[in-house]
Amino acid sequence: MPAKAAEREEAEKKAVRNSYAGLLRAAKKRSKTDTKLIRKAFDVALEAHKEMRRKSGEPYIFHPIAVARICADEINLGTTSIVAALLHDTVEDTNLTLDDIQSMFGKKVAKIIDGLTKISEVIDHTNSIQAENFRKVLVTMSEDVRVILIKLADRLHNMRTLESMRRDKQLKIASETLFLYAPLAHRLGLYNIKTELEDLSLKYSEPEIYAEIESKLKKTSDVRTRFIRSFSSPIRRNLDLAGIKYSIQGRPKSIFSIYTKMKNKNVPFEEIYDLFAIRIVTRSRPEREKADCWQVYSIVTDFYQPNPDRLRDWISTPKGNGYESLHTTVMSPSGKWVEVQIRSNRMDEIAEKGYAAHWKYKGDNSESAYDDWLNRIRDYLQDPAGSALEFVDDFKLNLFSDEIFVFTPQGDLRNLPQGASALDFAFEIHTQVGAHCIGAKVNHKLVPLSYQLKSGDQVEIITSSKQKPKEDWLKFVVTAKARSKIKSSLKDQKRTIAENGKQMLEKKLKSLKYRSSSYNLKEIIKHYKVTSELDLYYMIALDRFDLNELKEFDYKNGKLEAPSATQVQIDDSEALQEMLQIRKKGDDTVVIGEEMEKFDYTLSPCCNPIPGDEVFGFITINDGIKIHKTNCPNAMQLMSNYAYRIVKARWMGQESIAFLSGIKITGIDDVGIVNAITKIISQELHVNMKSIKFESHDGIFEGQIMVFVHDTKHLKQLSEKLRKIDGVINVARIDSTSE
Ligand code: MN
C-alpha cells in the first residue's frame, strides 16, 4: 500500500475511534452491561458498513455513530435506542438480516430496526411523498415511539450533511423534512430539533433568503446584545437580592420563524421587531419550581409593564406535548414589546429535548403522554374515511394547531386543537356520542353544537338517539377524528340513497334505449354538472334532475352512443376539477393501455417512460394526464408542490405497441462503429429508430439514438447487445434528447 493511502487510512481509523468515544461520553448513566452492548452494536455496524462510504467520501460508520449520538445527547434516549441507532441502516444497506439482529440484540432492537427499515423503504426510496406513503409511515411509526425518535435523529444528521447531495435530492429531502419531520418533532416537544430541521430545510430550499436573514441577524446582533444587557440588568439585581439562582439569556428567534413572519405579514426583515425573546431559567428544587417562576414574573413586571392579553401559564397546565413555561410580553423603555419566558431548568430541558427528558426527571418509563398521542393517530389510521389525501390534510391540520384544554362533567381533562367545537369534544368522548349529539352545556349554559370551546370550559354533551351526522357539521369541526367519522357516516347515508337513484337512471336509459355504458354515464354527469357517479345517483334519488331531459340528449349533444374514439379530450379547467374529483374519490389509477380508458393520458416527453418503468400520472391543466417516470428530473418538483394532482399509474399489456426511448452510447471512435450499432438495432433486433446523432471529439464518440421499444426488458436487451460491440464503452438510457 502506498504510504499516503496508509496514512489516510490510519487517520480515518483514528477519527472513527474518536467519534465512538464521543458517543460513549454522551451515553450518560450507563451500566457496564450497557457499555458492552453499545460496544457490540458499534463493532457489528462497523464490520457491516466497512466497504461503504457516504456521498461526502467519509466512511459510512460516521453516520450511524452521529445518529446514535443525537439520540443520546439531544433526545436523552437510553441504551436500547443507542444500539438501534448504531444499527439502523444495517438491514437495509448491508448483508445483515433482521434475524441476525434479533439473535444478537434481541426482539426489542430488531423490532425498532424493522420499523426504521420499512419507513426508509417507503420514504427514502421512492421519489414521491404521496399520501398513501405517509399513512404507511405513520402506521409503522406509531408502533414504537422510539422508531419516530431515531428516525428524527437520522433525518437531522442527513439534513446536517445535506451539502454533499445532488441538488434534486437536497430539494426532495428538504421538502419532506418541512412537510413531515419538523411537525413531528414539534408534536413530540423536540423544540431544538424542530427548529434546526426547519432552518436547514429553508437553507436548502431558499438559499438566498436564508443567507439574507442570516447576515442581517449577524449585522444587528451587537445592538440586540446591548439592548438585552440593559433590559436585564435591573432584573438581575433583584433576582440576586431575592436569592434565586438563575441564568438569563436573549434567545434569537429561528431564521425559519422570521422568514415565516416576513412571508405571512408581507414585510421586510427590518419590520420584524420580535427577533428574540428573553429567557430566564431558574435553578430550583422540585418543590420550589412553580413559586420561583412566579417570583421571577413578579420581579420582571415590577420593572416593565406586562401586556395582560399575553400571559401564558403553561406551568399550571402544560401543553399536550409536555411543554411547561411561563410566557409574558412586557413593554421595554424604548416602547417595544419584549417576550419573556420564565421556567425552571427541568422545564427548560423538557422544552428543548422533548418527553424523553421528562422521563429522566420522572425516573420511570411513563410514556403515557406519547401513548395518548399515538393512540389518537392509530385511531385515525384504522378508520380512514375519505381518500388518503384528505387524511394528510386532516392530519396536518391537527399537527400544526395549538391546543386548548377542556373538562368533562367529571372533571377529566381533554386536549383539543384550537378552534375545536362542542361537537369535536363529543367525538373526542366517543364516536356514538358525537354521532347523536344535538347540543351541549358549556359551563352549565346551553349552547349549539357549533359552539367554539375555550380553554377551561366544562362541557356536557346532550344526545338524542334520532340524531344523525349532517353535511354542515363539517363546517364546524376541526379534529381529524370528528371529520373522518362524520364523512364516513355521510358517505354511508349517501350511498344508501344513491342506490335508488342508480336504479331510477338505469330504468330510464332502458326505456329510452340507451346503453348505460361508462361513456354515456360520463356524458350524463357532464350534462347535469355533477362531479361523480355517486353525486349523480344521489341527486336523481332526491328528484333534483328531470330525467326527461335525456330524451333530447341525442340531438343536443349528438353522441349518446358508445364513442368510436377511446380518448376524451380534456381541455379546460372545469375538466381539471373533474379529474381532481375522480382523484379524490380514490378511484385514481391510470391504467396505461387499457381499452375504454377513463382518463386521457399522454406519455411525457421529458422522461419518455416505457412499460416496466415505475410511473405516476400528473393532472395537467390543459393536457389531461401526463405520465412521468418516478425518477423523472421533474418528478420531485411536481410531487412536492402538487401532491394533490398526482395519480397512480400502472402499465397493462401492450406488447404490440412501441414506445419512444433514448439511449446514449459512448465509445472509442472507430471507422465502422456507427454502422455496427445501427446494424444491431435495425437488423438484428428489428427495432425502429426515430433519430440518430453521433458526435466525436478527440477520438471519443458520443451518440444519441431515439428508438421504439416495447418495454424496459426490451430496452435492456438492446443495451446489452450494444455494449458488446467492440469499442463501445458505455450505454445508458437518457430521459430526453437535446434534439
Ligand atoms: Mn440513516
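**Figure 1. Tyr 20 and its aromatic partner in the predicted model.** Tyr 20 counts as buried, because its relative accessibility is 6%, under the 20% that sets the limit for this class. The model shown here and in the views that follow is a predicted one. Phe 42 likewise counts as buried, with a relative accessibility of 4%. A search of the whole structure finds eight aromatic pairs, and one of them is formed by Tyr 20 and Phe 42, whose rings are stacked with 4.1 Å from centre to centre and 25° between the planes. Since Tyr 20 belongs to helix H1 (residues 3-26) and Phe 42 to helix H2 (residues 32-48), the pair ties together parts that are 22 residues apart in sequence.

**Figure 2. An aromatic pair within helix H15, formed by Trp 294 and Tyr 297.** The two rings meet edge-to-face, at 5.4 Å centre to centre and with 75° between the planes. Trp 294 and Tyr 297 are separated by about one helical turn, because they stand three residues apart in helix H15 (residues 289-303). Trp 294 counts as partly exposed, given its relative accessibility of 27%, whereas Tyr 297, at 16%, counts as buried.

**Figure 3. A cluster of rings.** Phe 227, Phe 231, Phe 276 and Tyr 304 are linked into a cluster by ring pairs.

**Figure 4. Lysine charges placed over aromatic rings.** In one of these views, the charged end of Lys 40 sits over the ring of Phe 105, at 5.0 Å from the ring centre. In another, the ring of Tyr 538 has the charged end of Lys 494 over it, and here the distance to the ring centre is 5.1 Å.

**Figure 5. The manganese ion and its protein donors.** The ion has as its protein donors His 63 and His 88, each through NE2, together with Asp 89 and Asp 154, each through OD, and these donors lie 2.2 to 2.4 Å from the ion. Along the chain, the donors follow the spacing H-x24-H-D-x64-D. Of the residues named here, His 88 and Asp 89 are both buried.

**Figure 6. Buried cysteines, including Cys 293 and Cys 607.** Cys 293 has a relative accessibility of 0% and therefore counts as buried, and Cys 607, also at 0%, counts as buried too. A disulfide is a covalent bond between the sulfur atoms of two cysteines. When cysteine sulfur atoms are required to lie within 2.5 Å of each other, the count for this model comes to zero disulfides.

Methods
Residues are numbered from 1 along each chain as its sequence is written. This is a predicted model: local features need pLDDT of at least 70, side-chain atom pairs count only at pLDDT 80 or more; totals for chains, interfaces and linings use all residues. Side-chain values use heavy atoms; hydrogens and water are left out. Rings of Phe, Tyr and Trp (its six-membered ring) pair if their centres lie within 6.5 Å; planes under 30 degrees apart count as stacked, over 60 as edge-to-face and the rest as tilted. Helices (H or I, at least four residues) and strands (E, at least two) are DSSP runs, numbered from the N terminus. Buried means under 20% relative accessible area, exposed over 50%, partly exposed in between (1.4 Å probe, protein chains only). A charge sits over a ring if NZ of Lys or CZ of Arg is within 6 Å of the ring centre and within 35 degrees of the ring normal. Donors are N, O and S atoms within 2.8 Å of the metal (3.2 Å for Na, K and Ca); water is not among the atoms, so sites may look incomplete.
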